[in-house]
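Let's take a walk through one corner of this protein, where a sheet and a few helices meet.

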Amino acid sequence: MTNATQAFTRSSQYFSAADAPLAQPSDPVIPPDGSRRRSMSNGMLQQHARVLQQFNADSIKILLLENVSQGAVKILREQGFEVDFYTGAWSEDELVEKIGGYHAIGIRSKTRLTQRVFDAAHQLLVVGCFCIGTNQVDLSAATKNGVAVFNSPFANSRSVAELVIAEMVCLSRQLTDRAQEMRQGTWNKVSKRCFELRGKLLGIVGYGHIGSQLSVLAESMGMQVIYHDVVPLMPLGSARQADSLEELLSEADFVSIHVPELPETRGMIGERELSLMKPGAYLINNARGTVVQIPALVEALKSQHIGGCALDVYPREPAKNGVNAFNNDLNEWASELQSQANVIMTPHIGGSTEEAQRAIGVEVSNALCRYLNFGVSTGAVNFPEVNLRPITEQEVRSIRLCYVHHNQPGALLAVNEIIGSHNVDKQITDSLKDIAYLLADISDVSESDIQDIHMRLSKTPASILTRLLY
């Protein structure tokens, strides 16, 4: 039998992630023996979602870089995917050389997926960012190549918020300086310019998932909270929204930044903004390295206008761990910043807890499984979010069409002219700016029908990427 014929006769090992809740870190998505298949009740009949495979692909190969969670590796391998796992990041040249053999890639924050990488990734279907941000991915290039990008925007929020609390305690008590002095044998017991957090005002720039969690934690320690965001947001607890960034900077004892990297946030904290801060206030940045202008920050520290700072992110960061990796060759101000008093510098560890990485691994690997197995794009950052109920085991001669195309007049007409002579069971489509995405289930098709539909759809003028799952 051919692969297509075999697919029509096999039974499901896995339940559909299309309509299922995400697995928990201790709860693998699907055991390989199929003992936890997803059931859909239809009267007296129990219908199980049928596992699908991609037409014209013997297997799905996934590349995981930067030591992503082993939970993610386990979930993906249990789905039958071939997974290559590496602990480090890859350079652009290395990616260009090797990415052509993979259908999916999982990265964290150090691997850069550029236009050149996507041009070489002729089989790539999906990117999983095992982190909050996606600024390391050229989203425009991914979209133009029909590659969906998923991330985990919420899973490490608590870890980052807790780190900020720790940094505020350390800054207000000058703990890192005292600890370093003790390591050098110096006993320096002082109370001058050391404060409690209770009663102090925390200013949060960006009141999203991290900022709002931080707000609650700070109030539980007796702090007051003011926040600034570009849209009006309902406060949690007793927090209040500032009318402007300037108002927040002039009032807050601590300023903590939690904004994404956007053109309007690049360099948003510079000499002017630092001069508006209260004398002796503290600045904390665990968001993106380009948000704060570091040379201006160094000058504010030298003049003692601000009492200290905590930085977890930087404009340029080392590609891998190592002694002397963070130096003046990477950022010309590095040694000058390192020499300032009451400065906490950490190597982008805001989300680096076992709990956060485990949760991120489950969330992103589930998203990859849903997209690869069922075409579901819910949660994609660059794609229309499209979902369709799964094909069941009883529908043995059905296929799913996953059609990424340019959002242009006549595109759907061309698709329907091709599939209109077949029995289309269900169909859904949506668009996002210049790209559109269609899912359709077609029943009673033969192997020759599958080949004909795939060939004709791939040649339509609007087609970016055409997949058939059977």
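What follows looks at the sheet first, then at the helices that pack on it and at one helix pair.

Keep in mind that this is a predicted model. The sheet here is open and built from 4 strands, running in the order β16-β17-β15-β18 with antiparallel pairing. At the edges sit β16 (423–432) and β18 (463–469), each of them pairing on one side only. On average, neighbouring strands are turned by 10 degrees against each other, if you ignore direction.

Zoom in on β15 (residues 398–406) and β17 (residues 435–443): these two pair in the antiparallel sense over 9 bridges. Within that pairing, Ser-398 stands opposite Ser-443 in β17.

Two helices pack on this sheet, and here is how each one lies:

| Helix | Strands touched | Angle between directions |
|---|---|---|
| α13 (residues 354–374) | β15, β17 and β18 | about 85 degrees with β18 |
| α14 | β15, β16 and β17 | about 155 degrees with β15 |

Helix α14 (residues 411–419) also has a helix partner, α15 (residues 447–458): their axes come within 10 Å and cross at roughly 160 degrees. An angle over 145 degrees counts as roughly antiparallel, so that is how α14 runs relative to α15. The crossing of α14 past α15 is right-handed.

Which residues make the contact? From α14 come Val-415, Glu-417, Ile-418 and Ile-419, while α15 brings Ile-453, Arg-456 and Leu-457. Sorted by character, the contact of α14 with α15 has 5 nonpolar residues, 2 charged ones and no polar ones.

Note on methods: Residues are numbered from 1 along each chain as its sequence is written. This is a predicted model: local features need pLDDT of at least 70, side-chain atom pairs count only at pLDDT 80 or more; totals for chains, interfaces and linings use all residues. Side-chain values use heavy atoms; hydrogens and water are left out. Axes are lines fitted to C-alpha atoms, for helices over the stretch in contact, and angles run from 0 to 180 degrees between N-to-C directions. Angles under 35 degrees count as roughly parallel, over 145 as roughly antiparallel, 65 to 115 as roughly perpendicular and the rest as oblique. A crossing is left-handed if the near helix is turned anticlockwise from the far one by less than a right angle, and right-handed if clockwise. Contact means heavy atoms within 4.5 Å. Ala, Val, Leu, Ile, Met, Phe, Trp, Tyr, Cys and Pro count as nonpolar, Asp, Glu, Lys and Arg as charged, and the others, Gly among them, as polar. Two strands pair if DSSP finds at least two bridges between them.
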